[in-house]
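The following paragraphs guide the reader through one protein model, from a sheet of strands to a bound ligand. Please keep the sequence and the structure in view while reading.

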Amino acid sequence: MSDATKNEGSVGDGTRAVRAGLPEPAKNEPTLPGPVFAAHFHLPGEVSGPYAYGRDDNPTWTLLERAVSELEAPGQDAETLVFASGMAAISAVLFSQLRAGDAVVLPSDGYQVLPLVGAQLEAYGVEVRTAPTGGDAQLEVLDGARLLWIESPSNPGLDVCDIRRLAEAAHARGALVAVDNTLATPLGQRPLELGADFSVASGTKQLTGHGDVLLGYVTGRDTEAMAAVRRWRKIVGAISGPMEAWLAHRSIATLQLRVDRQNATALAVAQALRQRSEVSGLRYPGLPDDPSHKIATQQMRRYGSVVSFTLPTRARAERFLAALQLVEDATSFGGVRSTAERRRRWGGDAVPEGFIRMSVGAEDPEDLVADVLRALDESAE
Ligand SMILES: *Cc1c(COP(=O)(O)O)cnc(C)c1O
């Protein structure tokens, strides 16, 4: 059934998600085999077959990797490799593809650990160029680059760029293209169909969606490039535990349910925030008048579960977060329990003091909207 699902371009996202990566049904075997805990596998004589040592491969990863490939690139010949975290996956692509003397283009408004990665690449002799996600500004610094790194929508600013346009321009200059697909999830956006060579994501967020697993993955089409990513995983050893991989696979069965519910509620929360005079800089790509909406509509199938906005002061933002009852003050996003945080507390993002990133969970939409509006009222001076 797994192969049938893979080749069936026409099945819906829910159908694909519940069946993704499942092995052929076998009598008296479970639908989704449990995690295989093994540091090593029986290996008499010559080294052959897929499973020899647990840092190189594991049958639980294999099923999860098939599942992610079916979602990221349905009907296409793509390969996925899972990692210990989103950062492990991101670093695997950047450090396996770039050499001293190469130039790389990163977003200037991407995930807050990217600048640290950029500094490390520079220390290894890679030229790092940055430009904002919005307005396709990365186009202007592409000449001579070896790799373009896109994050769309960007975290936490929720800007969107035209992935197809940027990928075409990068390929015309001989550069590889990677897209951080964390915020959209593969049900929201399929970067490989938009022309990217790699779709990379933190599975810690909405893909697994319960706030209890760290995971990352790289999906790619180019066999040679993916072999280098696999080699990087082997030499660095940033591998997922079998239990985490299995939990991730189990969670993917409900991905479409969670994403559809959370995204619809995110739009409702954004619409409620839009009515409030103390809210500025409201961003949600699904809002028809959002600056990202037009391009988002062209390339995204769903707009995500994150809403960003700014309250007038740091103190107001702190009082707002403290007054929320259904939304926990915590980082990360995409989980079934709503969270929000004052992003500036980390020091990394170039955002105002009162900037809030809110991750909308699976609570009843009316409860959540009421909680947000009440907390706004209570936090007023
Ligand atoms: C969280 C996040 C990452 C890093 O993922 P981890 O699983 O925490 O390592 C990378 N990119 C984006 C856009 C993220 O939100």
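Two strands are said to pair if DSSP finds at least two bridges between them. Strands of a sheet pair through backbone hydrogen bonds, and they do so in either a parallel or an antiparallel sense. The model shown here is a predicted one.

With this definition in hand, the sheet can be described. An open sheet is formed by 5 strands, and their order is E8-E9-E12-E11-E10. The pairing within this sheet is mixed. At its edges are strand E8, residues 280-283, and strand E10, residues 328-329, each of which pairs on one side only. What is the sense of the pairing between E10 and strand E11? These two strands pair in the parallel sense over 2 bridges, with E11 spanning residues 339-342. Within this pairing, Glu-328 has Thr-339 of E11 as its bridge partner.

The loops of the model also deserve attention, and the backbone is the place to begin. Strand E4 covers residues 147-151 and helix H6 covers residues 163-172; the loop between them contains Pro-153. Pro-153 is joined to Ser-152 by a cis peptide bond, with omega at about -5°. Pro-156 is also placed in the loop between E4 and H6. A cis peptide bond links Pro-156 to Asn-155, and here omega is about 10°. Another loop, between strand E3 (127-131) and E4, holds Asp-136. Although Asp-136 is not a glycine, its phi is positive, at about 50°.

The ligand comes next. Where does the ligand sit? It occupies the largest pocket. The ligand is surrounded by 14 residues, and the closest are Met-87, Asp-180, Ser-202, Thr-204 and Lys-205. Sorted by class, this shell consists of 5 nonpolar, 6 polar and 3 charged residues. Which helix gives the most to the shell? Helix H4, residues 86-97, does so, with 3 residues.

Several side chains place polar atoms beside oxygen atoms of the ligand. A polar contact is a pair of N or O atoms within 3.5 Å, and the distances below may be read against that cut-off. For Lys-205, a polar side-chain atom lies 2.7 Å from an oxygen atom of the ligand. For Ser-202, an N or O atom of the side chain is 2.8 Å from a ligand oxygen atom. Asn-155, already met at a cis peptide bond, has a polar side-chain atom 3.0 Å from an oxygen atom of the ligand. On its own, the ligand has 380 Å² of accessible area, and the protein covers 94% of this.

Notes
Residues numbered from 1 in each chain as written. Predicted model: local features only at pLDDT ≥ 70, side-chain atom pairs only at ≥ 80, totals over all residues. Heavy atoms only, no water. Near = heavy atom within 4 Å. Polar contact = N/O pair within 3.5 Å; in protein donor to acceptor, adjacent residues only side chain to side chain. Areas by Shrake-Rupley, 256 points an atom, 1.4 Å probe, with all protein chains shown as cover. 1 Å grid on protein atoms, 1.4 Å probe; cavity = no way out; pocket = protein on both sides within 12 Å on 5 of 7 lines; lining within 4 Å. Sits in = over half its atoms within 2 Å of the grid points. Helix = DSSP H or I, 4+ residues; strand = E, 2+ residues; numbered from the N terminus. Nonpolar A, V, L, I, M, F, W, Y, C, P; charged D, E, K, R; others polar.
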